[in-house]
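Work through the three exercises below with the sequence and the model open side by side. Each task is followed by a solution that proceeds in steps.

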Amino acid sequence: EYEGDIIFPELPVFNNKTYQVTEIGPLAFLGCNIGTISIPNNIIAIREKAFTSSSLDSIDIGSGVLIIEPSAFSYCNLGHINIPDNVTRIGHHAFYASFGLKTVIIGNGVTQIEQSTFHFCPNLKHITLGNNTTIGAEAFLSCDSLKYIELPNSINEIGKNAFSGCEALSSITLSENLSEIREGTFDNCTSLTSIVIPNKVSTIATSAFWNCNHLVSLKLGTGV
């Protein structure tokens, strides 16, 4: 079991042999007592559950990382995550139940925020999105502390229950290119007071705003 901070050398040497490290493997630091880690630029992938259930509280993702696989940081203690533009994929449940997570910045390289990526991050307060196009089902489900989010106009699809149970969410700006609000997208957003539906939205599905009991202002676009 590893403890302490981690610094990856770009060309590690073991028994007088030099190795080229290009990825952090599955379960590599599962359950480890880690403080901080700096991912060098030669690492291209962080594999499935690489840091699951570790005490990791700070990470610097290098410019070579392209893929963060499913559940890579689930159940971690990270307070902040900055996904740089070079990352093109964040797998489902990547930050599931990261109880310490408060702020998230997602770069322009990630097109899809996959299912349950930030599901059950109860202390998540601030999200900055890049030129992402899709928010998957349950992506931010039960993020209880999230108060506001602005969806860039690059977003054209939001999955079912994407923001369900975000009880502190009082304001959201929807993408002008959104065409549908799916089942349960904002259900149980009990602090939501107003919302403007963009003109391209033609369908508001069942239970989309179920139990939004403080919603007092709803402006429908011309497409509904």
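## Exercise 1: a parallel sheet

**Task.** In this predicted model, find which residue of β13 is the bridge partner of Ile-105, and then work out where β13 stands in its sheet.

**Solution.** Start from the residue pair: the bridge partner of Ile-105 in β13 is Thr-128. Next, widen the view to the strands, where β11, covering residues 103-106, pairs with β13 in the parallel sense over three bridges. These strands belong to an open sheet of three strands in the order β9-β11-β13, with parallel pairing. Because β9 (80-83) and β13 (126-128) each have a single partner strand, they stand at the edges, and one side of each is left without a neighbour in the sheet. From one strand to the next, the twist averages 5 degrees.

## Exercise 2: the nonpolar core

**Task.** Establish which residues have the most contacts inside the largest nonpolar core.

**Solution.** This core has 62 residues, and those with the most contacts inside it are Phe-51, Phe-73, Ile-135 and Phe-163. The elements that give two or more residues to the core are β5 (33-38), β9 and β11. Turning to Phe-163, its contacts beyond four places in sequence include Ile-135, Phe-140, Leu-146 and Cys-189.

## Exercise 3: the cysteines

**Task.** Explain why Cys-32 is too far from the closest cysteine sulfur for a bond.

**Solution.** The cut-off for a disulfide is a pair of cysteine sulfur atoms within 2.5 Å. The closest cysteine sulfur to that of Cys-32 belongs to Cys-76 and is 10 Å away, so the distance is too far for a bond. Cys-121 is likewise in no disulfide, the nearest cysteine sulfur, that of Cys-143, being 5.1 Å away. The structure holds zero disulfides.

Conventions: Residues numbered from 1 in each chain as written. Predicted model: local features only at pLDDT ≥ 70, side-chain atom pairs only at ≥ 80, totals over all residues. Heavy atoms only, no water. Pairing = 2+ DSSP bridges. Helix = DSSP H or I, 4+ residues; strand = E, 2+ residues; numbered from the N terminus. Axes fitted to C-alpha atoms, helices over the stretch in contact; angles between N-to-C directions. Core = buried A, V, L, I, M, F, W, Y, C linked by side-chain atoms within 4.5 Å. Buried < 20%, exposed > 50% of the residue type's maximum accessible area, 1.4 Å probe, protein only. Contact = heavy atoms within 4.5 Å.
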